[in-house]
Structures are given as structure tokens and as C-alpha cells.
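I opened this structure to look up two things. I wanted the layout of the sheet, then the pockets.

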Amino acid sequence: MTAAGDLDGRVALVTGAASGIGAATAAHLAARGARVFATDRRAGGAIFRHDVTSAADWEQAIAACVARFGRLDILVSNAGTAGAGPIVDLALDALREQARVHVEGAFLGMTAAVAQFRRQGAPATGTIVTVASVAGMKPIMQTTAYGTAKAALIALSRAVAAELQAAGEAIRVHAVCPGGTRTPMTEALFDDAYWADPANFAEVPLRDYCRPEDIAEAIAFLASADAAALAPAALAVDGGWLLSNRI
Ligand SMILES: NC(=O)c1ccc[n+]([C@@H]2O[C@H](COP(=O)([O-])OP(=O)(O)OC[C@H]3O[C@@H](n4cnc5c(N)ncnc54)[C@H](O)[C@@H]3O)[C@@H](O)[C@H]2O)c1
């Protein structure tokens with residue numbers, strides 16, 4: 001069962017760790033004993049500068065992580081950006097930007113992490129957790145371009161999980177699918193009056209947005225030995241949003 005220290009000695013690289021879910025995940029994994037290498041395209045403090053859309057940045061980030069901690073055991077592919085608006089009115093570039101960050105960025109991370117896991121021994125071991133969204137599981141109004149990219153990210157996570165499983169490697173790949181979560185990303189979308197009005201959350205069973213810590217807890221579970229028997233997951237952590245009438 002989980003406890004402080006259950007990730008003792010494991011080395012985790014977390015992308016998009018300067019804010020929101022990534023920052024909460026970096027803190028939570030560290031509290032559970034992991035050695036955390038935090039990256040973001042916005043460098044600062046203990047954050048290593050790393051744009052996930054750049055293959056060269058991935059190479060540098062993993063090399064720097066291994067130089068500091070000797071290895072890599074867990075990749076949390078979390079970096080992302082919101083994009084709002086009706087999809088049929090969207091400029092193609094805006095759709096491409098969503099795919100670039102959420103699909104290409106995660107793809108580059110998976111290939112770089114798997115290469116590192118393989119360098120560390122055979123059969124290769126490691127865990128990759130991608131941060132997708134419930135918007136990739138059902139259309140959520142105004143975020144359909146974002147959701148299209150997140151649906152592709154869920155498919156990518158499952159495809160890589162299946163390939164590695166078939167190859168007999170002990171590399172696990174899971175996607176976490178947050179529902180609305182209160183972070184700088186979502187706070188930028190709404191004003192104070194929105195957050196103060198319970199009517200805006202009436203259709204979500206949780207009656208609120210999730211907290212970044214709720215998502216971090218699920219990510220830590222998926223990265224822990226407790227999840228060893230789990231099939232490759234697309235795990236909604238959404239306060240019930242997915243099965244509600246909320247769109
Ligand atoms: N907040 C929500 O409601 C919600 C819901 C579902 C999924 N998500 C997903 O969770 C993840 C984290 O979102 P958040 O809400 O914490 O947002 P956030 O804006 O608070 O944090 C995102 C971080 O990612 C970084 N980032 C963005 N593009 C990057 C890039 N190309 N390379 C490296 N870093 C980059 C940003 O600098 C930022 O620090 C995202 O993938 C997001 O799509 C969020």
C-alpha cells in the first residue's frame with residue numbers, strides 16, 4: 001500500500017513542472033521519496049529549461065537528469081497548453097499547435113525515455129505517465145481542438161504500451177485524464193465571479209474543479225509498485241465530469 005517513501009530512490013522527470021498539475025506532481029513524487037528532475041519551457045529556480053516540442057531539448061533534459069541522478073525510472077509527460085474556440089472556425093495552425101505540444105511533444109518524450117530505459121538494462125523497466133484530459137474522451141464545448149489532440153495522446157499512450165508489452169519489456173505506459181482542474185491554465189479562462197458561483201459546478205458530482213494534488217496522487221499511484229497489476233490505463237480523475245451532463 002502507498003505510503004510516504006514508496007517511491008524511494010526512483011528518479012522521475014516531470015515536464016511542465018513550473019505550474020499547476022506539473023508543479024503539484026513534482027512536489028508529491030518528491031514527498032513520496034522520488035528524486036525529481038523538474039523541467040519546463042519556462043526555466044527558473046530548480047526548473048531545467050526544456051521545450052517538449054524539441055527533440056534536442058529532450059536529449060539534453062534526459063542527459064542532464066541522468067548526469068544528476070544516475071538514471072531515469074519515471075517520465076511524467078505533463079506539459080501542455082489550452083486552446084479554446086469552435087473547431088470548425090479554427091485556423092489550421094491553431095489545430096497544429098495543439099497536436100505539436102500534446103502529441104509530438106509526448107511522442108518525443110516517449111521515444112527518448114524508452115531509449116534511456118533500454119540503456120539501463122534488459123529487460124528494460126520504467127513507467128511513463130502522460131497527462132491527457134477528459135476532453136480527449138468526450139467532446140467538451142470550446143475545447144474540441146485541444147480534445148482532438150488529447151484523444152490522439154490517449155491513443156498514442158495505449159499504442160506504445162501495447163508495443164512495449166508485446167516486446168516483453170517491463171515498461172508501463174498510462175494516461176491520466178483530468179477533468180476541470182483549478183490551475184493557472186483554467187484560472188486564466190474565467191473571472192472571480194465564475195469561480196464563486198456554485199451554479200457553474202452544479203452538473204459535476206464533485207461540485208468543484210479537481211485540485212492539482214488530486215491529479216498528482218493518481219500519477220504517483222500509476223508510477224508506484226501498487227499499480228503493477230494494472231492494464232495500460234486511461235484513468236479519468238475528474239470528479240465525475242465524464243459521466244455527467246456537463247459539456
Ligand atoms: N487544468 C485543467 O483543467 C486540465 C484538465 C485536463 C488536462 N490538463 C492537462 O494538464 C497538463 C498541465 O496543465 P495545467 O492545468 O497544470 O496548466 P498550467 O498552464 O498551469 O501548466 C502547464 C505548464 O506547461 C508548460 N508548457 C507549456 N507548453 C510547454 C512546452 N512546449 N514545453 C515545456 N513546457 C510547456 C507551461 O510553461 C506551464 O508551466 C496539460 O497537459 C493540460 O492540458 C489540464
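**Sheet**

I traced the strands first and found seven in an open sheet, in the order E3-E2-E1-E4-E5-E6-E7, with parallel pairing. I then checked the edges. Strand E3 (48–49) and strand E7 (234–237) each have a single partner strand, so one side of each is left without a neighbour in the sheet. I note that this is a predicted model.

Next I looked at individual pairs. E1 and E2 pair in the parallel sense over four bridges. In that region I found Val14 opposite Ala38 in E2. Strand E2 (residues 35–40) is also joined to E3, by two bridges, and these two strands run parallel. Here Thr39 stands opposite Phe48 in E3.

Is E2 mostly covered or mostly open? I found five of its six residues buried, so I logged E2 as mostly covered.

**Helices on the sheet**

I followed helix H1 (residues 20–31) next. H1 lies across strand E1 (11–14), E2, strand E4 (74–77) and strand E6 (170–178). I read its angle to E1 as about 170°. Helix H4 (residues 144–166) packs on the sheet as well, where it touches strand E5 (125–131), E6 and E7. The direction of H4 makes about 160° with that of E6.

**Largest pocket**

How much space lies in the largest pocket? I noted about 1,000 Å³. The lining has 49 residues, and I wrote down the closest to the pocket centre: Thr81, Ala82, Tyr146, Met185 and Thr186.

I then sorted the lining by element. H1, helix H3 (92–119), H4 and helix H5 (184–187) each supply at least two residues. Which helix gives the most? H3 does, with four residues. By residue type I logged 22 nonpolar, 19 polar and eight charged.

**Second largest pocket**

I turned to the second largest pocket, which holds about 170 Å³ of space. Its lining includes Ala55, Trp58, Glu59, Ile62, Ala63 and Val66. I also listed Leu108, Thr111, Ala112, Ala115, Gln116 and Arg119 in this lining. The elements that give two or more residues here are helix H2 (55–69) and H3. The residue types divide into eight nonpolar, two polar and two charged.

**Cross-check**

I came back to H3 before closing the page. H3 gives four residues to the lining of the largest pocket, and H3 is also one of the elements that give two or more to the second largest.

Note on methods. Residues numbered from 1 in each chain as written. Predicted model: local features only at pLDDT ≥ 70, side-chain atom pairs only at ≥ 80, totals over all residues. Heavy atoms only, no water. Pairing = 2+ DSSP bridges. Contact = heavy atoms within 4.5 Å. Axes fitted to C-alpha atoms, helices over the stretch in contact; angles between N-to-C directions. 1 Å grid on protein atoms, 1.4 Å probe; cavity = no way out; pocket = protein on both sides within 12 Å on 5 of 7 lines; lining within 4 Å. Points joined across faces, edges and corners; volume = space filled by probe spheres on them. Nonpolar A, V, L, I, M, F, W, Y, C, P; charged D, E, K, R; others polar. Buried < 20%, exposed > 50% of the residue type's maximum accessible area, 1.4 Å probe, protein only.
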